[in-house]
Amino acid sequence: MVLRLPRELPIQWLIGASIVGMMLMMAGVLLLQSWLQVQQSLTLSLAQSSRQLSTTVEARSEALISNSRAMLQVIASNPDMGRPPHEVRPEYLAPLAAVLVAEDVVGGVYVGYANGDLLMLGLVSRLSPGALPEQQWTEGGEYFALRVVGDRGAGIESEMLLYDETLTLLKRRDNPGFDYDPRLRPWYIAALRTVGTSMSEPYPFYTNGEMGMTLSRRIIGDFGVAGIDLTSGDLGRQIDAFDLPPGARLAILAPDGEVMAQAKSQGGPDAGGTLVERGEPELAKLAAIGTPTPQRFLHNDKAWWGMALPFKVDGNSLASVLIALPEAELMADELRLLWEHLFLAVVLIVLMLPFGILLGRRLGRPLRDLGDQLRDLSRFDFVAYRGVDSRVGEVRRLSEALDTMVGRIGDFRRINLVLGSEPRLDVMLDKILAELLHVTGSCHGIIYLADEDIDGRFTAFAEAGGVTPQRAGADDTGPPDVICLPDSGRGPLTELRERLETQGYLVQSLRDRAGMRSGILLLARQREADEVDDRPWRIFVAEVSAAAAVAVDLRRLLEGEARLLEALIQLVAKATDAKSPHTGGHCSRVPALAEMLMDRVDRTRHGPFASVTFDRDQREAFHLAAWLHDCGKLATPDEIMEKATKLETRYNRLHEIRTRFEVLWRDADIDYWRGRVDGGDEGRLDAQRASRQTALTEAFGWVAEANLGSEKMSEALEARLNRIAEWRWWRHFDDRIGLSRAELKRLEAEPVRALPAEERLLADLPRHHIAWHRPCPPVRAGDTANVWGFDMSPPALADHQGERYNLSISRGTLNDIERFRIQEHVVQTIIMLESLPWPARLKRVPQIAGNHHERMDGKGYPRGIRLSEASLEERVMALADVFEALTASDRPYKTGMPLSRALQVLADMVRDGHLDPMLFQLMLEEGVWQDYAERFVAPAQCDAVDIAAVAVRAGLNHGAARSGQEAMTRALGG
């Protein structure tokens, strides 16, 4: 049997074998090169990392010292520091305490005087262990002060003082045996010899033995020196912040061999002691070598790499940075990386083998693939087209032609998508123009739109492309920004077309559905395409322009309708405000505050609203709802809306009652003179008249007091009103003449009485019962006509104008019927808005506008729903409506509250389940209340506000209270 080899091998096997061979060769070369670069990169990486670490530590230290130097200059320039204090006062310590709070690295701030006095202030929390013999003496304190009095003839006196965070003295004790003369200290001497700020070399501090440096500066008048101790503990924290490799050793070494700082991860204290004492023999050997370049050295038969770099601050070399790493750990990463590369190469070879086989099969079937893809294109499946790559020239050219065709189809589809989906006219025109330039190969383009106000004027609305084309002999002025045509509707563009086509532009009219010119399109082709027949290009542009013209017409129509809708809504809101001179502005202030809250909710990226965002449709619906939230007030009677006293209807009926009191006063005079005529005793008659008139004066005062309304009428005043109401007066004129038909209708329920008729002083008569002139809205739960879900108790009457009934109102000026009529405005708002044919994206406008009087606990009106289960927009409206009402200063029945009181009332409502606590917290933390007050609240109402206390009062968490402090500071500062 003879084994015959195939004359042809499948292309997939040839390609697969080629890929495997190439991958093996590449893997070998890369692994060899990686191994050779290990040694070189090791040294370079160590040097770069070490220098970067040293530079970073130096930069951070320099920044800290710069801040401390600036604060030291402030202290030294303070005139209060010029004389030794005879008694340490808080205002004297305040500047020193500010330095301690501002910088964590400051160990102490002190002032030494020329007479040997010393005052030092430090934080108890920064005392090192063992710094004080009796460490428990500092318990409960925030600051400690060391005061030394020198040159007093009786030797040096020293005392320790302990203060709380407000610099209130807690206790003091003598500090015997503390022999410290600041004038002998190096920092003092250096400051006297230096102009400006002096910085010492690292040394252990006298007070606690901690390593650090001292900044010192002469104080004003040269009466002494101010100093700041900078501890080296911050250097240790900076070192800990670096991600050091395992086993790495790092330390900052002072010139005298003392360790200034070391990473806490290496064990031991932050600073102090020599490297040998701290158990760092590797770093000790590296310090002895002292090389500024990477150096390999041995310690206990173990290879290390290390280097020593100078540590400079303010241009002075104060210490050395020592860095040492085990060679084994450095090489371990490189070896592991080499093995990973080898493994990856093997994996890629295994994966590429079948890929090569599949690629070969694909190259062998290019025509079949093209046929399949053409079949997909005939089925309108443009996504499935991929094209082919073949070595056969005819197949390649066929594939390229199909690529161009599919690309043009895709471009046209994108143009149609933009025309049909982009809502904004300016964005749509920019996108369309960019697509036209891409599809047609044009270099420049402009779209002009007709001015809606000036006939025949077309303004450039969109422009794209680079340099405009220029041709020999053509006008180089280019297309104008504005085109004015005498006949903007149907006239030709002959003159404009002739001038611009000489510059290489196609001028194409954009006509709407009525055939009117709505715009003009200018397109310029690339210069190299000038000699090509451009008729297909012109036809394509004309077709796209026709579609674009319809889209422009539609967008402008929609934008015009949107502007009209906005104007109508604001018209309704302004009409609602104009209906009452005392509540004008409410319907415009509430939307402003509500939009402020929505903006803050949309922008915040922390707290409960971190993930909340609103799209364009949601914001539009909210905007409309905010402006229409009180449109139902158009149905609320003016006399109820503006009722400032209990007897007020269209006027204050207290004037009628005062006239009756005048009649009774006159009757008292008449009874007096009648008694005199009848021979009565003058003294007795005069006393009776005076008593009666005094009682009338007191009684009218009580009636007037009750008429004003209050938070709660007293029982005594109510009892007086009931007695006064039974007083009688005589009516001598017919009360049924000169009346309207409506008034006569109400009098039908009262019998006709002969004159003169006795009347009660305060009357409640059937004529005071005002019936509904229209059907009462169906608001009772269970009413079949109540399709809106209201849950209220409607009154039988539209109003009750009884004098005694209204004067007996226990709180405020509104009786129960009038309160319902006020609340009815929300019912009317919902009924009005839900009767409108809102589009789908605005369907929630009635819901948002109509629920601003609901409560979180479900005790609001008109539906009694729980706002805690409602949308965020509805809760925003509720909060905005209440805050505006509390601060409004244009109400006849109340004055605008100060900001502090208004926020307290809001806090109580939050705590009682009326308003959303999370929104109220956002309002406090983001300062929305202050932004609103700056625009709409009278200056007399803008008092100081303790936001932290308001947050606590509302039952918010402590974080909100702390955040409120910042807002309070901003408010007081403003």
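**Figure 1. A buried arginine in a network of salt bridges.** At 10% relative accessibility, Arg731 counts as buried, because the cut-off for that word is under 20%. This is a predicted model, and our tour of it starts at this arginine. The side chain of Arg731 meets that of Asp735 in a salt bridge, with 3.7 Å from N to O. Both residues belong to a wider network of salt bridges, where they are linked with Glu750, Arg753, Glu759 and Arg767. If you would like to put this view in context, a search of the whole structure finds 38 salt bridges.

**Figure 2. A salt bridge between Arg844 and Glu873.** Here the side chains of Arg844 and Glu873 come together at 3.3 Å, N to O. Arg844 sits in the loop between α20 (816-834) and α21, while Glu873 sits in helix α22, so this pair ties together parts that are 29 residues apart in sequence. Take a moment to look at the surroundings of each partner. Arg844 counts as partly exposed, at 30% relative accessibility. Glu873, at 4% relative accessibility, counts as buried.

**Figure 3. A salt bridge between helices α12 and α22.** Arg589 and Glu884 meet through their side chains in a salt bridge of 2.7 Å, N to O. Since Arg589 lies in helix α12 and Glu884 in helix α22, the pair ties together parts that are 295 residues apart in sequence. Both Arg589 and Glu884 are buried.

**Figure 4. Helix α13 crosses helix α22.** The axes of α13 (residues 616-628) and α22 come within 11 Å of each other and cross at roughly 30°. The crossing of these two helices is right-handed. To follow the contact, find Gln618, Phe622 and Ala626 in α13, which meet Glu873, Val876 and Met877 in α22. The residues of this contact divide into four nonpolar, one polar and one charged. Glu873 may look familiar: its side chain also forms the salt bridge with Arg844.

**Figure 5. The largest nonpolar core.** This core holds 61 residues, and those that touch the most other members are Phe883, Leu903, Leu906, Phe920, Met923, Leu924 and Trp929. Among the elements that give two or more residues to the core are α12 (586-603), α13, α23 (899-911), α24 (917-925) and α25 (928-936). Helix α22 gives the largest share, nine residues. A second, separate core has 32 residues, including Ile75, Val105, Tyr143 and Met213.

**Figure 6. Two cis peptide bonds, each ending at a proline.** One cis peptide bond joins Leu755 and Pro756, with omega at about -10°. To find Pro756, look in the loop between α18 (741-747) and β21 (757-760). Another cis peptide bond joins Tyr861 and Pro862, and here omega is about 10°. Pro862 has its place in the loop between α21 (845-850) and α22 (872-887).

**Figure 7. A leucine with a positive phi.** Leu167 has a phi of about 65°, a positive value, although this residue is not a glycine. You will find Leu167 in the loop between β4 (157-163) and β5 (169-174). Is this loop residue buried or exposed? Leu167 is buried, because its relative accessible area is 9% and the cut-off is under 20%.

Notes
Residues numbered from 1 in each chain as written. Predicted model: local features only at pLDDT ≥ 70, side-chain atom pairs only at ≥ 80, totals over all residues. Heavy atoms only, no water. Helix = DSSP H or I, 4+ residues; strand = E, 2+ residues; numbered from the N terminus. Buried < 20%, exposed > 50% of the residue type's maximum accessible area, 1.4 Å probe, protein only. Axes fitted to C-alpha atoms, helices over the stretch in contact; angles between N-to-C directions. Left-handed = near helix turned anticlockwise from the far one by under 90°. Contact = heavy atoms within 4.5 Å. Nonpolar A, V, L, I, M, F, W, Y, C, P; charged D, E, K, R; others polar. Core = buried A, V, L, I, M, F, W, Y, C linked by side-chain atoms within 4.5 Å. Salt bridge = Lys/Arg side-chain N within 4 Å of Asp/Glu carboxyl O.
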